[in-house]
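I opened this entry to log what I looked up. Strand pairing comes first, then the ligand site.

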Amino acid sequence: MKFLGRSVSRAISQKSFRLVSARPGGTAVDIEPGAVFNRKSSSITYPPGTSNPPLRSPTSDDAEAFFGLMGYREGSLIRDSETLERYNIDWTRKYIGHSQMVVRPKTTHEVSSILSYCNDEEIGIVPQAGNTGLVGGSTPVADEVILSVEALNEVHGFDSDNGILTCDAGCVLQSLHDYAKERDHLLPIDLGAKGSCMIGGNVSTNAGGQYFYRFGSLHANVLGLEVVLGNGTILNLLNVNRKDNTGLDLKHLFIGAEGTLGVVTKVAISCPKLPKARNAAFLALQTFDDVRRTMALAKSELGETLAAFEMMDKAVLKLVAAEKDIPVSVEDCSYYVLVETQGSNHSHDEEKMETFLETTMEKEYVVDGVLAQDMRQVMTFWYIRESCNPVVKDMGYNYKYDVSIPISDFESVIQEMKERLKVRPDAMVVNWGHVIDGNLHFNVTTPGDFEENPEILGLIEPYLFEAVVRRGGSISAEHGLGRCKNSYLGSLAKDPVSLDAMLSIKSTFDPNGILNPGKYFPG
Ligand SMILES: Cc1cc2nc3c(=O)[nH]c(=O)nc-3n(C[C@H](O)[C@H](O)[C@H](O)COP(=O)(O)OP(=O)(O)OC[C@H]3O[C@@H](n4cnc5c(N)ncnc54)[C@H](O)[C@@H]3O)c2cc1C
């Protein structure tokens, strides 16, 4: 292990680390009917602030009909409460639905028949993929039917000349990475939940992830989609040409629509070649200005090889270090950064990285750092970064936010919020994020206390969103709106003309409002 200046006190050990698996599970959560669902009534009661289309609760007869539409295939219909729990409770364990049935179609035709039935019967339906979304989009608001795409999980082909993968929406992202890797390619999207999230969910949330800077958004990488609309119509947008200027490119409407316009059933995605070389460094910095300066230097010095630049603050790294066996000790620095390069020539890339690191030390932007010596160490750095989400979730109640802010305003937003939260010393602010994309994951946790506290929530919302918008940022960088931020869409995100246009598209593709009711759009 090579150290720069003073070493980060412990060297990378030879231990191997377990990669993060984000599959929901662990402690069972009691499903309380509460105010949102009246089991005695046949009508859905939506909580205030969410939309309330005239949908009805699905019945046992409907369940039987769904089962028939899927050929009475074993496992295609889930009704037992224990199994239902996994689909009703989201990853954050905050958004708990009360669905009494999950349908697991295996073909696009089955998806179409189910949606057509629900459209005619005015039954709400929640598309679900890996259920790792962080804004409550993937679980029902009340007792809507959950349509899981997990049984739609075949790869349909890989065009190795052009690097284009075509697959079903329910393919797990990690398995697609493995598939592409065997063919010397990779997926242009990677995130901590890759062991559970599915490509249909990634597309529907327009997920960003850690290599967004390198590969761009899914709008740039998804070439084609197959989508089933609210009334069951199958829209074949499965273009596999890199260039196609024939009419409106409708697929873009479904990328990031969070299941409100249609169910994505197939995806064609552009896959870059695997890089021949990957280098990574883990750096300790004293101030956020140092983070900014180091990032600017990384852009100019690492140039085309720069693949990722991730930030963690001291508070979150301390929590990770307390919970996980990680090979860095957290010293007095306020910020920590993971820089990765990807390229085609290891020694050339390494030389660039070393020059970059030496310059950061000379200019005193970086206090300390460590350069990965092999791929195992690169993966260890990512293990640290990817542990932020699960560690903070398991600490206590997690007030979780994902915002875009001009980089020059990152610190002032954090300070403004810390100031507001001063009256609650039990509320700990921890931050990390894809800083190179202007994306901050602002988190507040109450260690040991797993109940949401209305006072703390009231200190954060809507003030964080207002602070972000005042500085020209976005209230949702990559996680989406779901039912966490949908009520702010009209007030803090889109002007009335844009919102009207969005609503008219919604009524075109889902005229009866059966798809993901109570989410995304303001009530
Ligand atoms: C540990 C961890 C790390 C994460 N890191 C990142 C990150 O770096 N970047 C990032 O952007 N997100 C991140 N996320 C959030 C989440 O993983 C992403 O939003 C992911 O894309 C969701 O995929 P999923 O398959 O789990 O979808 P789900 O959670 O099942 O669904 C998400 C939304 O898409 C809709 N949907 C799902 N499938 C379909 C479909 N086939 N057709 C139509 N609508 C559908 C759902 O209704 C819901 O609204 C992270 C989450 C965790 C738990």
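I checked strand 4 against strand 5 (residues 145-148) in this predicted model. The two pair in the parallel sense, over four bridges. I noted one facing pair: P127 stands opposite L147 in strand 5.

Next I traced the sheet. It is an open sheet of four strands, in the order 2-3-5-4, with mixed pairing. Strand 2 (77-78) and strand 4 (125-128) are the edges; each has a single partner strand, so one side of each lacks a neighbour in the sheet.

Then I turned to the ligand. I found 35 residues around it, with P127, A129, T132, G133 and M198 the closest. So P127 turned up twice in my notes: opposite L147, and among the residues closest to the ligand.

I listed some polar contacts.
- T205 places a polar side-chain atom 2.9 Å from a ligand oxygen atom.
- S204 has a polar side-chain atom 3.0 Å from a ligand nitrogen atom.
- G137 brings a backbone N or O atom to 3.3 Å from a ligand oxygen atom.

How much of the ligand's accessible area does the protein cover? I read 98% of the 960 Å² that the ligand has on its own.

I asked which elements give two or more residues to the shell. They are strand 4, helix 5 (199-205) and strand 10 (262-270). Helix 5 gives the most, with five residues. By class, I logged 13 nonpolar, 20 polar and two charged residues in the shell.

Last, I took chain totals. The protein chain has 18 helices and 17 strands. Of its 523 residues, 57% are buried.

Note on methods: Residues numbered from 1 in each chain as written. Predicted model: local features only at pLDDT ≥ 70, side-chain atom pairs only at ≥ 80, totals over all residues. Heavy atoms only, no water. Buried < 20%, exposed > 50% of the residue type's maximum accessible area, 1.4 Å probe, protein only. Pairing = 2+ DSSP bridges. Near = heavy atom within 4 Å. Polar contact = N/O pair within 3.5 Å; in protein donor to acceptor, adjacent residues only side chain to side chain. Areas by Shrake-Rupley, 256 points an atom, 1.4 Å probe, with all protein chains shown as cover. Nonpolar A, V, L, I, M, F, W, Y, C, P; charged D, E, K, R; others polar.
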